[in-house]
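Please open the model in a viewer and keep the sequence panel visible beside it. The tour below proceeds by selection, with a description of what is found at each stop.

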Amino acid sequence: MNEFSTAFLAILNIGSFIYFGVDKRKSQKNKQRIPERSLLIMTLFGGTIGSVLGMLIFNHKINKRSFIFKILAIIVIQILIIYLIYNYYK
């Protein structure tokens with residue numbers, strides 16, 4: 001992985017983590033929330049670690065089974081893509 005990719009993923013994961021924290025805070029204050037779709041898109045494009053840490057640390061969306069299922073589906077897709085890329089460039 002080159003430096004740009006590493007920096008991109010680091011920023012994306014930090015942003016994803018912050019998104020989950022902000023959404024949790026907004027839910028506690030009954031303010032307009034960050035759409036679930038936005039949280040999932042951040043996860044899909046590489047913010048998986050930040051999203052999972054945000055869910056665990058902020059205890060956010062842990063009890064929402066449909067959201068957990070979507071996060072797990074994204075993780076499986078990412079693992080499959082990494083596996084295919086690894087085997088293609090071998």
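## First stop: N13

Select N13, which is buried, with a relative accessible area of 14%; the cut-off for buried is under 20%. The model in view is a predicted one. N13 belongs to helix α1. Display its side chain together with the backbone of G50: the side chain of N13 reaches the backbone nitrogen of G50 at 2.8 Å. Next, show the surroundings of N13, leaving aside neighbours within four places in sequence. The residues in contact with N13 are then G46, G47, T48, I49 and G50.

## The packing of α1 and α3

Extend the selection to the whole of helix α1, residues 3-28, and to helix α3, residues 48-57. How far apart are the axes of these two helices, and at what angle do they pack? The axes lie 7 Å apart, and the angle is about 25 degrees. Angles under 35 degrees count as roughly parallel, and α1 and α3 are therefore roughly parallel to each other. Their crossing is right-handed.

Now colour the residues that form this contact. On the α1 side, select N13, S16, F17 and F20; on the α3 side, select T48, I49, G50, S51, L53, G54, M55 and I57. By class, the residues of the contact of α1 with α3 comprise six nonpolar, six polar and no charged.

Stay on α3 and pick I49. Is I49 buried or exposed? With a relative accessible area of 59%, I49 is exposed, since the threshold for exposed is over 50%. A distance label from I49 to I34, drawn C-alpha to C-alpha, should read 19 Å, for a separation of 15 residues in sequence.

## The loop between α1 and α2

Move to K29, which is placed in the loop between α1 and α2. K29 counts as partly exposed, because its relative accessibility is 47%. Draw a line from the C-alpha atom of K29 to that of G15: the two atoms are separated by 21 Å, while the residues are 14 apart along the chain.

## E36 and its lysine partners

Continue to E36 in helix α2, which spans residues 36-44. E36 is buried, with a relative accessible area of 18%. Which side chains form polar contacts with that of E36? One is the side chain of K61, at 3.4 Å; another is the side chain of K64, at 2.6 Å. Not counting residues up to four places away in sequence, E36 touches K61, K64, F67 and K70.

Centre the view on K61, a residue of the loop between α3 and α4. K61 counts as buried, at 14% relative accessibility. Its backbone also merits inspection: phi of K61 is near 65 degrees, a positive value in a residue other than glycine. Most residues other than glycine have a negative phi. N59 is found in the loop between α3 and α4 as well, and phi of N59 is positive too, near 50 degrees, in a residue other than glycine.

## The packing of α2 and α4

Select α2 again and add helix α4, residues 65-88. The axes of α2 and α4 come within 10 Å and cross at roughly 20 degrees. The two helices are therefore roughly parallel to each other, and the crossing of α2 past α4 is right-handed.

Show the side chains of this contact. From α2, the participants are E36, L39, L40, T43 and L44; from α4, they are F67, K70, I71, I74 and Q78. The residues of the contact of α2 with α4 divide into six nonpolar, two polar and two charged.

## The whole chain

Finally, clear the selection and zoom out. The protein chain holds four helices and zero strands, and the order of its elements from the N terminus on is α-α-α-α. Taken along the principal axes, the box filled by the C-alpha atoms is roughly 50 × 30 × 20 Å. Colour by accessibility: of the 90 residues in the protein chain, 29% are buried. A contact map adds a last view. Among contacts between residues at least 6 apart in sequence, 65% join residues at least 24 apart.

Terms used
Residues are numbered from 1 along each chain as its sequence is written. This is a predicted model: local features need pLDDT of at least 70, side-chain atom pairs count only at pLDDT 80 or more; totals for chains, interfaces and linings use all residues. Side-chain values use heavy atoms; hydrogens and water are left out. Buried means under 20% relative accessible area, exposed over 50%, partly exposed in between (1.4 Å probe, protein chains only). A polar contact is a pair of N or O atoms within 3.5 Å; within protein, one must be able to donate a hydrogen and the other to accept it, and residues adjacent in sequence count only if both atoms are side-chain atoms. Contact means heavy atoms within 4.5 Å. Axes are lines fitted to C-alpha atoms, for helices over the stretch in contact, and angles run from 0 to 180 degrees between N-to-C directions. Angles under 35 degrees count as roughly parallel, over 145 as roughly antiparallel, 65 to 115 as roughly perpendicular and the rest as oblique. A crossing is left-handed if the near helix is turned anticlockwise from the far one by less than a right angle, and right-handed if clockwise. Ala, Val, Leu, Ile, Met, Phe, Trp, Tyr, Cys and Pro count as nonpolar, Asp, Glu, Lys and Arg as charged, and the others, Gly among them, as polar.
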